[in-house]
Amino acid sequence: MRSNNCGDLRTKDIGSNVLLCGWVDRCRDHGGVIFVDLRDSSGTIQITIDPDQGKELFTKAESLRNETVIQIKGQIRPRPDEAINKKLGTGTIEVLAEELTVLNAVRGNLPFAVSIHDEEPIREEIRLKHRYLDLRRERMNKNLRLRHQTIKAARSFLEKEGFLEIETPILTRSTPEGARDYLLPSRVCGGEWFALPQSPQLFKQLLMIGGLEKYYQLARCFRDEDLRADRQPEFTQLDIEMSFVTQEEIIKLNENLISAIWKETKGIKLPKPFPRLSWDEAMNRFGTDRPDTRYGMELKDVSDIFKGIGFKVFSNAIDKGGSVKCITVPNGNESISNVRIKPGGDIFSEVQKVGAGGLAFIRVRESEEIDTIGAIKDNLNDDQKLRLLEKTAAKPGDLILFGAGETVIVNKALDRIRQYIARELDLIPKSSDEIWNFIWIVDFPMFEFNAEENRYEALHHPFCAPNQNDLNDDNNNQEELEKKLPKARAQAFDLVLNGLELGGGSIRIHNAELQKTVLKTIGLPLKEAKNQFGFLIEALDMGAPPHGGLAFGMDRIVMLLAGEDSIRETIAFPKTQQARCLMTKAPSQVSNSQLDELHVESTWTEPE
RNA sequence: GGGACCGUAGUUCAACUGGUUAGAGCACCGCCCUGUCACGGCGGAAGUUGCGGGUUCGAACCCCGUCGGUCCCGCCA
């Protein structure tokens, strides 16, 4: 149907006869001569329609509208010197049209302009409703190409490393813990339900037990939870698992994998090894397990300085086992007014969102003078003042913001305003600056205590192996194991890039007894554990090799590579925050007979 | 489950403190134009101001509800 792609043609093609297909990107009708920018996925080229080529051709060209699909037969010729367009790869040449076939017309109004020159923002609602048109635009076209390249780079790297791409079931069973499942009723097995996988976690472990040794998959995962800019109900993980490996080996392989992706897609050579931070240190210095290290304002724990101080907000927090921490905003005296820190202010609202009661502040003036509320100033002696200035390294002009209370809340609040202020004061390098701060977070705790439910919960998932150094040397002492396990660190790790979690992994448990103990620790009775995970526990006793792996969020990786703020920009057909597809109008109602067949009855009633 | 912002022509936006006929660019339709490239010129058509209710002499604007979209909290091993 065509001889060339529009965007590939160059000066060297002058004189050749071509047959091109594509969309009318734009027309410029001068009455006597008509220029048509013809666009296909490779780019655009100018078609010139000259009245000398015949009346029929010219009349047809006059009626062209944007996005009409046409086929052009013609000859490549050079443009006149004064008509060369340097902005276009094909700008030195044009096609003199000899024949024009309209392959498909556009009727009615287009919901929005597709033309690559048109950078007007369009309401996302409309883009999603007519996603096929949106995909035709340069932004989405580019992002999906990038996504393909990313996947291709990963595949070819893993292929070279001897990995097998293996598919795992989409129809599987529901398991406890973790996110809410998407459920599917079984027609054949009445009253029973499949679940869509939240991840192929158990299957990939069973593949290792099955002796496949090196597995990967671009796995679609499903979680029925509320959405965010970086969370969709279905998303894609690059899922990897290996046998006979240490954590160190997994990390090294994946640094190479990530480097290969960045090399292939951006032409960037990433410095290796990536820096590492223990989970403890990340929480202390940044208040989060996914720190953005592109800017400073690290958290400082100043509890020791303020212990017993007359300012009760601080001393009470410390007495109750919490802490007082702070961040120092460079030149914050100038850029941040008191109004913004006090109730009603935007920065105050940020800490309020995560449950903090308020924000204390100290403004550092010239010659070590400080400016703050009376309750702090009156209770702060010179020694404390000096130690504070030393610990924070605050300079005249700087603003110190304090969080006091439960350490968890303090960390959350300060992490939040650290990010908020960095954005507000423009301290974060632009995505176009291409600063890639990868960091491994290692030594996660095995469990987190859930005070409300009075039980431990797995921080990653309950299949992560504990760090042997944190357990007794004698693994056979079950009592000792159960005592030490809750406080143990896991052989688990996350890869973080510019404050976003790209993926995580761990060494898995390959010993059935240890697996049972871990499940017991998170409050799953043996009977229930066997019911849910019996197949895994049984398999572990049949020669399970030591194994481990990790999974990357592909949508997020592509989002960062593309410099986008939402993974929706990297997914061809994403869903809205209500997990709805505006194009197909899914989810939709089904007929009663369909429900009957599935032995299901709806209890849903329309709200009044 | 909760908080915030948004919804005006096909589209992107405007419309003073609530004020009389809701405007403009692009797109669309018609006419003119032979070197433009976001071509240009002249003219035209295009609106249930998301929807429902209320306050008011009068509502795009204020209030209540509702639908949809976005961001966030909770949630997401």
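## Exercises on a predicted protein–RNA model

**Exercise 1.** In this predicted model, how do the residues of the surface near RNA strand B divide into nonpolar, polar and charged?

*Solution.* Start with the classes: the surface near RNA strand B holds 20 nonpolar, 19 polar and 21 charged residues. Next, pick out the residues that come nearest: of the 60 around the strand, these are Gly31, Gly32, Asp226, His461 and Gln577. Finally, look at the secondary structure. Two or more residues of this surface come from each of strand E1 (17–29), strand E3 (43–49), helix H2 (124–129) and strand E19 (455–458).

**Exercise 2.** Where does the largest nonpolar core lie, and why?

*Solution.* Begin with its members: there are 106 residues, and Val324, Phe361, Ile400, Leu401 and Phe402 touch the most other members. Then bring in the domains. Domain 2 (144–272 + 438–570) and domain 3 (295–428) each contribute residues to this core, so it lies between them. Another core lies apart from it, with 21 residues, including Leu38, Ile45, Ile47 and Ile93.

**Exercise 3.** Which residues does Ile400 touch, leaving out those up to four places away in sequence?

*Solution.* Set those sequence neighbours aside, and the list for Ile400 reads Cys326, Thr328, Phe361, Ile362, Val364, Thr392 and Ala394.

**Exercise 4.** What percentage of the residues of chain A count as buried?

*Solution.* Of 608 residues in chain A, 35% count as buried. Now add the fold: chain A has 20 helices and 22 strands, and its C-alpha trace spans about 95 × 75 × 60 Å along the principal axes. To finish, turn to contacts with a separation of 6 or more: 66% of them in chain A join residues 24 or more positions apart.

Notes
Residues are numbered from 1 along each chain as its sequence is written. Chains are lettered from A and ligands numbered from 1 in the order in which they are written. This is a predicted model: local features need pLDDT of at least 70, side-chain atom pairs count only at pLDDT 80 or more; totals for chains, interfaces and linings use all residues. A nonpolar core is a set of buried Ala, Val, Leu, Ile, Met, Phe, Trp, Tyr and Cys residues joined through C-beta atoms within 7 Å. A residue is buried if 20 or more other C-beta atoms lie within 10 Å of its own, exposed if 12 or fewer, and partly exposed in between; C-beta atoms are placed from the backbone. Domain bounds come from an automatic or database domain assignment. Two residues are in contact if their C-beta atoms, placed from the backbone, lie within 7 Å. Helices (H or I, at least four residues) and strands (E, at least two) are DSSP runs, numbered from the N terminus. A residue is near a molecule or strand if its C-beta atom, placed from the backbone, lies within 6 Å of it. Ala, Val, Leu, Ile, Met, Phe, Trp, Tyr, Cys and Pro count as nonpolar, Asp, Glu, Lys and Arg as charged, and the others, Gly among them, as polar.
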